[in-house]
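The following account leads the reader through a multi-chain model, moving from a single residue to sheets, helix pairs and a chain contact. The sequence and structure are shown first.

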Amino acid sequence: MIRPGNLFDFIGALLFTLLGVVVSIEAYRLQSYASSPYVGDHTLPSILGGVFLVMGVVLLLQSFRLQAATSAKSSIPAELRMRIILCLSVLFLYIWLLGMAGYIVATWLISVALFRLIGWYRWTTSMLYAAILTVSQYLIFVYWLQIAFS
Amino acid sequence: MDTIQFLMDGFASALTLQNVLMAAIGALIGTFVGVLPGLGPTSAIAILLPLTAVLEPTQGIIMLAGIYYGAMYGGSTTAILLNIPGELSSVPTCLDGYPLAKQGKGGPALGISAIASFTAGLMGVVGLVFFAPILADQALKFGPPEYFALMILALTLMVSLSGGSLIKSFLMGAFGYTLALVGLGPSSGMPRFDYGVSSLVGGFDMISIIIGLFAVTEVLKGIEEKRLSTVIGKPGSVYPGKADLKKSAAPMLRGGLVGFFLGLLPGCSAAITSFLAYDLEKKIAKRPERFGKGAIEGVASPEAANNATSSAGFIPLFSLGIPSSPPLAILLAGFMIYGLTPGPVLFEQHASFVWTVIASMFIGNAMLLVLNLPMVWIWVKLTQVPYGIMAPIILMLCTIGAYSVRNSMFDVLIAFIFGGLGYLFYKGKWPVVPLILCFILGPLLEESFIQTMAMGSGDLSIVLGRPISLTILLAAAALLIVSILLNKRTQIRVREERRGEEDVA
Amino acid sequence: MKGYQRFGTALLSFILALTVSACGAAGEKERQTVPDYPTRQIEYVVPYSAGGGVDLVARATADYLSKEWGQPILVVNKPGGGGAIGAEYALKQVKPDGYTALAVNVSNTTMLTAGMTNPPITNEDQVYTSRIGQGTLAFAVKADAPWNDFAEFSAWVKEHPEELTWTSVGPAGFSAFGVAEWLDVIGADFSKTRMIVTKGGSDSLPKVAGGHAVLAVHMIGEVMPMLQAGKIKILAVSGTQRSTFLPDVPTAEEQGIKGLSVSWWTGVSFAKDTPQHVIEKWDGAIAKMVQDPVFLKHLETIQVEPAYADRTVFLQEVTRETEYYTDLATKNQMRK
């Protein structure tokens with residue numbers, strides 16, 4: 001079994017090695033635009049591709065080797081983890097909602113959710129806080145400073 | 001002696017009620033905008049530039065400079081208290097400022113940062129007054145090979161800022177680099193890493209990435225820890241004690257010098273000099289392992305470098321008309337709009353204007369100190385707002401901050417994605433500082449490399465053939481060796497002391 | 001916000017259409033359905049760094065138009081990629097609702113099309129609205145360079161093309177075309193010279209002044225500060241007559257080098273699906289603007305000559321120029 005502390009390294013190393021392949025392919029493609037085989041937009045991508053591949057593989061091996069050395073950190077309670085995931089999802093939802101419902105509605109709905117998720121407030125309190133936040137942000141940024149959310 | 005006379009005249013006109021008021025308003029507005037988490041100097045000046053366009057030239061420039069200084073300072077406030085840098089140049093301030101705030105020393109840290117900014121600002125302005133023409137000439141000697149060598153030197157910082165595993169920090173650095181590559185390539189003008197997505201052709205915006213990695217990640221960490229107040233720990237005293245002042249006096253001076261001399265070079269932004277200054281302090285410290293855990297020197301030095309660079313940037317601007325950083329470029333545009341072309345002729349034709357602006361920079365710096373030291377308690381109080389209220393506000397401001405840079409929802413999306421990534425990096429102990437560092441250095445390194453190769457007809461040995469670049473390269477090699485040795489030593493000590501519990505990033 | 005607005009506008013125009021058709025006044029219909037513009041802040045994208053020629057003209061324009069229309073016009077600098085990054089953004093990445101204008105110039109239009117077989121943006125992606133100003137090229141070298149005039153310099157380059165390094169924002173940049181045309185005229189080998197990529201005037205002139213590159217070709221306004229500082233000298237200006245801003249510098253033609261036609265211009269354009277009434281409104285306002293003494297004074301301080309062209313003439317000129325530059329680029333293997 002691979003312990004959690006190592007699992008992060010293992011997955012990270014794997015992803016970075018993959019990124020190395022992607023970067024190398026792109027570097028190869030870019031070479032056709034350059035006038036010299038050494039200088040151009042492809043030079044640093046190809047170096048980086050090499051760095052990713054070499055370092056990624058080394059870390060991949062290390063994450064097995066150092067297995068015993070790292071101590072497993074106590075994992076966080078399932079409820080908190082759920083809240084973190086929900087919080088992020090709500091943020092992504094915000095981007096979508098801003099385009100759909102406009103600034104005021106989207107901001108109010110999302111802040112109600114955030115106040116509940118992060119502050120553990122009751123629904124009514126969250127709605128009140130969210131309303132205050134939304135109105136003040138709207139007045140400062142959209143109304144006064146003319147930032148156009150569209 | 002003429003200079004002194006001119007400066008005195010400048011003070012006389014800068015000290016009129018109206019001009020002092022402009023400096024004060026500028027500093028105040030700048031500070032307020034900078035203090036909002038997610039909004040930093042560049043966004044602040046960009047958002048507020050139209051407000052100053054209605055003013056007279058002298059007042060307009062004074063106010064703009066005030067906003068610039070103010071936002072710089074305000075950005076440091078959020079960096080220290082909330083671990084949210086408003087600008088890339090405040091990232092090094094986070095490294096020790098936030099741990100200090102967690103220990104209840106947020107007040108003194110803010111005080112030191114204000115004093116460091118003031119001292120370095122003064123150093124920069126003095127340099128501007130007395131040495132502008134000589135120094136500007138020296139800056140011209142820096143060509144692509146020298147910049148290339150300088151970027152290599154800056155890359156050695158990765159080793160000492162890596163904290164834990166070197167391999168991990170190299171991988172993260174390479175990742176930051178790759179992110180900077182996305183967009184149109186500098187040499188061919190052809191898009192790369194865009195994969196047909198048109199948003200990617202425009203590249204990633206730095207502000208949205210730091211908002212994600214710092215601000216959003218910090219909120220997620222807060223949820224995990226079930227934080228109650230924004231900063232854990234007692235507010236503590238507001239003014240820095242004698243011990244802290246004594247400890248940070250030398251770092252301030254060194255940071256100021258590093259920031260000043262590197263700040264003369266066009267393109268060497270405050271983000272680079274503040275990292276270098278931070279690293280310098282860490283290297284010469286007797287116990288470098290304290291850095292990243294709340295060393296007051298780690299706040300004083302980068303803050304001083306940051307501000308000295310901003311002031312030094314006025315030297316190439318005034319004497320040659322070259323802006324050395326993005327905010328200065330906006331300021332230059334301000335000059336041009338008023339029909340004032342910076343350059344030696346500006347000193348001759350508009351002497352009273354130039355010296356009034358220079359004098360008002362002294363005043364603006366002093367103003368910032370006077371305004372901010374008493375206001376430190378307000379910011380400290382701010383951190384006692386319940387976390388459940390503060391966090392949603394931070395997230396909403398982040399949205400605006402990320403969006404307003406390019407008015408693009410894509411940037412907001414990137415900020416949130418990097419918020420999630422930043423949390424995973426934190427859980428997996430992957431250091432984010434190398435990522436940020438390489439993201440800043442990436443474009444500069446690549447450009448100077450391509451330019452150097454063109455100069456040397458495809459032969460890189462030109463870097464070794466020029467005295468300045470050779471010296472910098474040798475310094476880089478020496479630094480690299482020192483860094484590796486120090487890194488080993490630090491790691492061993494850290495392991496001995498606390499069994500490698502916490503990570504730098 | 002936007003959703004409401006759109007809904008509101010739709011509702012309003014529906015009611016309007018009802019009333020209008022009820023009255024039977026069909027002739028009034030067209031004039032009344034021209035929507036109000038602008039009703040909010042306009043973003044004016046400048047694809048170069050602040051302080052350059054394009055930027056300053058755009059800022060002067062934004063200044064005038066925002067006063068004229070009573071709506072803020074925000075100049076946004078998006079430098080990089082020879083002006084293509086900002087252009088791509090303004091023409092392709094935002095909604096073509098007329099609230100994102102693009103500052104165009106030779107480098108991100110005709111020269112871009114000429115320099116690439118598959119350019120990220122083309123003439124077809126945009127509606128050329130108005131040309132605003134024009135500028136003359138200045139050939140700048142280091143102040144203590146051994147050449148005293150342009151003829152002497154040209155002779156040296158013909159002899160030693162491999163020693164010439166020149167700065168440009170990219171292979172399809174303004175300076176690249178200026179240099180290619182000049183080398184073509186004097187019969188020097190373009191392919192042996194070397195280009196040094198820079199971010200624009202404020203980046204490239206220090207390189208020439210410091211001796212890191214031999215030649216920089218820029219607009220007069222951009223070379224002025226360094227010239228006045230005594231760090232560079234101007235060997236020649238292009239065009240048929242001397243520039244009013246540099247009366248002492250002879251033209252290339254005076255020195256026996258004829259046929260340098262590459263010139264710098266800047267104007268404004270919009271994404272291709274932008275409503276027609278927006279284009280008309282801008283073109284009309286700009287035509288008025290170039291008569292305004294304050295604006296003209298402004299152009300003079302930044303050393304740009306007013307050269308207004310309406311949308312029809314502008315498009316013709318651009319089309320002609322595209323062909324010429326494409327030929328030039330093909331001949332010198334600058335196309336990629």
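**From a loop residue outward**

C:Ala143 counts as partly exposed because it has 15 C-beta neighbours inside 10 Å. The model to which this residue belongs is a predicted one. The position of C:Ala143 is in the loop that lies between strand S5 (137–142) and helix H6 (150–159) of chain C. Which residues does C:Ala143 contact, once its neighbours within four places in sequence are left aside? They are C:Gly230, C:Lys231, C:Ile232 and C:Lys233. The first-named of these partners, C:Gly230, is 87 residues away from C:Ala143 in sequence, yet the C-alpha atoms of the two are 6.5 Å apart in space.

Strand S5, which precedes this loop, belongs to an open sheet of five strands in chain C, ordered S7-S6-S8-S5-S9 and mixed in its pairing. The edges of the sheet are formed by S7 and by strand S9 (232–237) of chain C; each has a single partner strand, so one side of each is left without a neighbour in the sheet. On average, and with direction ignored, neighbouring strands here are turned by 35° against each other. Between S5(C) and S9(C), five bridges establish an antiparallel pairing. Within it, C:Ala140 has C:Ile234 in S9(C) as its bridge partner.

Elsewhere in the sheet, S6(C) is joined to strand S7 (residues 194–197) of chain C by four bridges, and the two pair in the parallel sense. C:Thr167 has C:Ile196 as its bridge partner in S7(C). In a regular strand, side chains alternate between the two faces of the sheet. Strand S6 (residues 165–168) of chain C can be read in these terms: C:Thr165 and C:Thr167 point one way, C:Trp166 and C:Ser168 point the other way, and all are buried.

Chain C also holds an open sheet of six strands, with the order S2-S1-S3-S10-S4-S11 and mixed pairing. Its edge positions are taken by strand S2 (73–77) and strand S11 (305–309) of chain C; each is paired with a single partner strand, so one side of each is left without a neighbour in the sheet. The average turn between neighbouring strands of this sheet is 25°, direction ignored. Helix H12 (residues 311–331) of chain C packs on the sheet, where it touches strand S4 (126–135), strand S10 (264–271) and S11 of chain C. The direction of H12 makes about 80° with that of S4(C). Within the sheet, strand S1 (residues 42–46) and strand S3 (residues 100–105) of chain C run parallel and are joined by three bridges. C:Val45 finds its bridge partner in S3(C) at C:Leu102.

Attention now turns to chain A. Its secondary structure comprises five helices and zero strands, and along the sequence it follows the pattern α-α-α-α-α. Of the 150 residues in chain A, 35% are buried. Among the contacts in chain A between residues at least 6 apart in sequence, 56% join residues at least 24 apart.

One helix pair of this chain illustrates the packing. Helix H4 (residues 103–119) and helix H5 (residues 123–144) of chain A pack at an angle of about 140°, and their axes are 8 Å apart. That angle makes H4(A) oblique to H5(A), because it falls in neither the parallel, the antiparallel nor the perpendicular range. The two helices cross in a right-handed manner. Residues making the contact include A:Trp108 and A:Phe115 of H4(A), together with A:Tyr129 and A:Leu133 of H5(A). By class, the residues of this contact divide into 12 nonpolar, five polar and one charged.

Chain B offers a further helix pair. Helix H5 (residues 91–102) and helix H14 (residues 297–312) of chain B pack at an angle of about 145°, with axes 8 Å apart. Here the crossing of H5(B) and H14(B) is left-handed. Among the residues that make the contact are B:Leu95 and B:Leu100 of H5(B) and B:Val299 and B:Pro302 of H14(B). The residues of the contact comprise five nonpolar, three polar and two charged.

Finally, chains A and B meet in a contact that takes 52 residues from chain A and 46 residues from chain B. Elements giving two or more residues to the chain B side include helix H9 (166–181), helix H11 (206–225) and helix H19 (387–406) of chain B. H19(B) gives the most to that side, with 10 residues. By class, the side of chain B that touches chain A has 28 nonpolar, 12 polar and six charged residues.

Methods. Residues are numbered from 1 along each chain as its sequence is written. Chains are lettered from A and ligands numbered from 1 in the order in which they are written. This is a predicted model: local features need pLDDT of at least 70, side-chain atom pairs count only at pLDDT 80 or more; totals for chains, interfaces and linings use all residues. Two strands pair if DSSP finds at least two bridges between them. Axes are lines fitted to C-alpha atoms, for helices over the stretch in contact, and angles run from 0 to 180 degrees between N-to-C directions. Two residues are in contact if their C-beta atoms, placed from the backbone, lie within 7 Å. A residue is buried if 20 or more other C-beta atoms lie within 10 Å of its own, exposed if 12 or fewer, and partly exposed in between; C-beta atoms are placed from the backbone. Ala, Val, Leu, Ile, Met, Phe, Trp, Tyr, Cys and Pro count as nonpolar, Asp, Glu, Lys and Arg as charged, and the others, Gly among them, as polar. Angles under 35 degrees count as roughly parallel, over 145 as roughly antiparallel, 65 to 115 as roughly perpendicular and the rest as oblique. A crossing is left-handed if the near helix is turned anticlockwise from the far one by less than a right angle, and right-handed if clockwise.
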